[in-house]
Amino acid sequence: MTSHLLLDGVSKRFSNDHAPALDAVTLDVAAGSCTAILGPSGSGKSTILRVMAGLDPVTSGQVLVDGVDVAGLAPERRGMGMVFQRPLLFPHLSVLDNVAFADRVSGVPRAVARLNAGLYLDMVQLGGYGRRSVRELSGGQEQRVAIARALAARPRVLLLDEPFSALDPELRSDMHGLIDDIRSALSPTIVLVTHDRDEASAVADRIAVLHEGELLQHDTVDGVYTRPGSLRVARLMGGLNEVPGIIVDGAHLSALGRIRLDAGRDVSAGPATLVVRQEAVGVRALGAEEASDGVVGIVTGIRHLGPRRLLTIRFRAAGAAGTAGAADAELNAELPPGQCVEVGSRVAVTLPPAAVSTVRE
Amino acid sequence: MTIQARSVTADPQRADAGRLRLPGDPGPRLTDSRGAGRVGRVLSATLLAAWFLVPLVPLALWAFADRWSFPEVLPTVWGIDGLESSIAQGAVPAFWRSLLLGLVVAAIATPLGAAAARALTMGTVRWPRAVGLVLLAPVALPPFAAVMGLNVVLLRAYVPPLVGLVLVLVVIALPYTTFAMRVAYAAHDIRFEEEARTLGASPWTVLWRIHIPLVAPALARAAFLAFLVGWSDYIVTVIIGGGAVVTLPLVIASSAAGIGNDSAVAILSLTAILPPLTLLLLLGLAGRRSARPRRRRPDTDPVDPRTARSPRSRPHEPGATR
């Protein structure tokens with residue numbers, strides 16, 4: 001079940017479309033790892049899975065499983081397990097026979113196939129549900145059976161196409177737990193397609209950001225969040241802060257002042273946009289006359305995000321006209337519960353160096 | 001922290017709810033009729049049943065009436081003259097011929113119609129609306145006119161009458177099978193088949209194990225319609241068959257054309273009704289069994305894994321329920 005998957009320059013073009021659905025995508029998924037492909041609707045997420053599964057042929061490029069090109073192989077010979085957003089349980093088969101389907105079509109005797117199927121049902125915590133009709137299951141149970149059915153085929157790579165997006169949030173987090181259980185039990189290679197950033201970070205080791213058929217970045221969860229390769233990735237990952245400025249002597253200059261950049265970042269001089277996650281920005285309310293050694297701004301807006309609040313903070317331009325920091329800057333910061341801040345408050349802002357990154361466009 | 005809540009919400013299934021609505025129970029449906037609506041529904045259903053059954057009563061009476069003079073309400077002499085007479089007219093072999101013809105037409109027109117419908121629905125046909133209209137044409141065309149022209153063509157092409165007959169009947173049956181299957185394929189999710197492929201099933205296995213079972217009810221309906229075309233055809237059998245193939249409708253027609261054959265015609269007519277009626281009943285029973293609505297289990301199922309998750313996921317809430 002643990003195979004290495006490599007897409008090498010895969011392009012997919014549908015005959016009646018002008019733009020390619022996938023544009024020279026190269027994606028390396030290590031054996032036993034879980035990669036989430038994240039992107040908005042129409043970004044080609046589902047197409048990439050269908051190409052991996054062999055349900056759609058590639059226009060150019062290679063799909064390599066353990067180093068062997070499978071592009072010419074029919075879906076049934078690729079060993080790719082697929083779970084769609086709809087569970088698609090075969091309505092004319094019982095729960096157990098659904099899970100036993102892969103074994104049955106590969107010629108395993110019915111009794112053995114059912115015995116195996118029972119083990120996979122146990123794994124998704126539906127032991128004892130085998131004799132039921134699939135119509136008797138709830139939405140979450142159906143998706144569990146669908147996962148058990150895909151696992152029972154002992155796929156080399158498990159492909160999950162937005163499998164939990166039709167479930168309510170509570171069930172969804174249970175399913176994330178189930179994926180963790182499956183990963184620790186079988187360590188399959190998993191490619192998960194989702195439009196939900198939280199889901200991607202909860203389940204996957206690495207995130208591949210896809211936009212209009214182009215793979216923008218493939219990195220660890222932390223990497224994609226805190227070191228986005230482009231403003232587009234930063235925005236797709238929900239980042240709200242973009243402060244234009246220039247890099248001089250290893251520091252970023254803008255209305256925020258001089259922000260020293262961590263070692264290991266690209267610090268060559270030139271214009272660059274500073275990006276920092278709103279969750280990483282530290283905010284401290286200041287008294288009316290209180291001085292601060294940090295950057296001081298004025299709160300211009302507050303929006304509630306569950307228990308937290310999202311502050312919009314404005315910083316007055318400090319530099320002279322024509323130099324770095326000549327324009328006002330704005331930062332968004334998430335404030336944990338407990339602090340009292342109002343619109344118009346003065347706040348001191350700290351930016352942890354590890355969370356700050358720059359992007360050149 | 002959840003102890004108090006537990007005594008209230010834990011396991012709502014076990015609480016003797018009597019006629020209380022359980023969570024997940026949708027209650028009476030909007031489509032269930034009540035009061036005056038119900039009376040109206042029963043009344044219209046009865047009238048509809050009478051509409052179909054009343055014409056059969058005189059047929060049933062005539063079938064065993066050796067004599068039934070005009071003013072009498074019931075036959076004056078009962079007997080089986082009609083039965084003997086219809087057997088003498090060759091009703092038995094005609095019955096088998098008709099049955100065979102209906103089955104052959106169904107066996108050819110159903111898969112063809114299914115294939116056409118699938119192609120039309122899945123978008124593999126260039127101009128689906130135009131092709132759909134062409135397929136519908138045999139229904140719109142006056143059969144007599146079409147068949148007369150076709151007969152000349154078939155004779156010139158030296159097509160044997162029996163083959164020609166089946167060929168034309170299949171063409172006439174195609175619109176029915178195609179449209180019955182188009183409805184089914186419109187609701188059919190191709191991803192069932194794709195899922196089966198990724199599970200290791202070859203296209204052939206997918207056809208037999210997934211595709212056909214999923215569209216089986218529609219296939220049965222389509223086959224029934226195609227069977228009816230073959231079973232009840234008169235014009236095509238007379239003209240294209242050229243008298244070589246004597247089917248039940250031909251025997252009925254010739255019998256009805258004569259005088260004093262009322263009881264034989266009644267017997268033959270009843271015979272003609274039987275096979276379609278039997279098939280219809282079988283179809284209804286099979287449909288009832290496969291489409292019996294099953295209530296989804298409510299999400300608070302006592303053994304639902306959501307409530308019986310491994311302790312790993314909720315280490316701090318040993319008795320937690322929702």
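Helices here are DSSP runs of H or I with at least four residues, numbered from the N terminus. The model is predicted.

**View 1. Two tryptophans pair along helix α10 of chain B.** Helix α10 of chain B covers residues 203-232. B:W204 and B:W208 both sit in this helix, four residues apart. That spacing puts about one helical turn between them. An α-helix has 3.6 residues a turn, so residues three or four places apart point the same way. The rings of B:W204 and B:W208 meet edge-to-face. Their centres are 6.0 Å apart, and the planes make an angle of 75°. B:W204 is exposed, at 59% relative accessible area; the cut-off for exposed is over 50%.

**View 2. An aromatic pair joins chain A to chain B.** The partners are A:F90 and B:F192. A:F90 comes from the loop between β6 (80-83) and α2 (95-99) of chain A. B:F192 belongs to helix α9 (residues 191-198) of chain B. The ring centres lie 6.4 Å apart. With 45° between the planes, the pair of A:F90 and B:F192 is tilted. Both residues are buried. A:F90 also has a charged neighbour: A:R149 lies over the face of its ring, 4.5 Å from the ring centre.

**View 3. Chain A and chain B meet across an interface of about 3,500 Å².** That figure is the area the two chains bury between them. Carbon and sulfur atoms account for 53% of it. On the chain A side, 43 residues are in contact with 33 residues of chain B. Four salt bridges are counted between the chains. One salt bridge links A:E76 with B:R197. Their closest N and O atoms are 2.6 Å apart.

**View 4. Aromatic groupings in chain B include a cluster and a ring with an arginine over its face.** B:F95, B:W96, B:F227 and B:W231 make up one aromatic cluster. Elsewhere, B:R126 lies over the face of B:W127. The distance to the ring centre is 5.7 Å. Over all chains, the structure holds seven aromatic pairs.

**View 5. B:T247 is a buried loop residue.** The loop runs between α11 (235-239) and α12 (248-257) of chain B. B:T247 has 1% relative accessibility and so counts as buried. Leaving out residues up to four places away in sequence, B:T247 touches B:A94, B:S98, B:L101, B:D233 and B:T237.

**View 6. Helix α6 of chain A is covered by strands and helices of its own chain.** The helix spans residues 169-186, 18 residues in total. From first C-alpha to last, helix α6 reaches 26 Å, close to the 26 Å expected at 1.5 Å a residue. Its buried residues include A:L171, A:M175, A:L178, A:I179 and A:I182. Charged side chains are on the list too, among them A:R172, A:D174, A:D181 and A:R183. The cover over the buried residues includes the strands β3 (34-38), β7 (157-161) and β8 (189-194). It also includes the helices α4 (110-123), α5 (139-152) and α7 (197-203). Just after α6 of chain A, A:S187 takes a positive phi of about 35°.

**View 7. Chain B as a whole holds 13 helices and two strands.** Of its 322 residues, 31% count as buried. Consider contacts in chain B between residues at least 6 apart in sequence. Among these, 69% join residues at least 24 apart.

Notes. Residues numbered from 1 in each chain as written. Chains lettered and ligands numbered in written order. Predicted model: local features only at pLDDT ≥ 70, side-chain atom pairs only at ≥ 80, totals over all residues. Heavy atoms only, no water. Expected span 1.5 Å × (residues − 1). Buried < 20%, exposed > 50% of the residue type's maximum accessible area, 1.4 Å probe, protein only. Contact = heavy atoms within 4.5 Å. Phe/Tyr/Trp six-rings, centres within 6.5 Å; stacked < 30°, edge-to-face > 60°. Lys NZ or Arg CZ within 6 Å of the ring centre and 35° of its normal. Buried area = accessible area lost by both parts, 1.4 Å probe. Salt bridge = Lys/Arg side-chain N within 4 Å of Asp/Glu carboxyl O.
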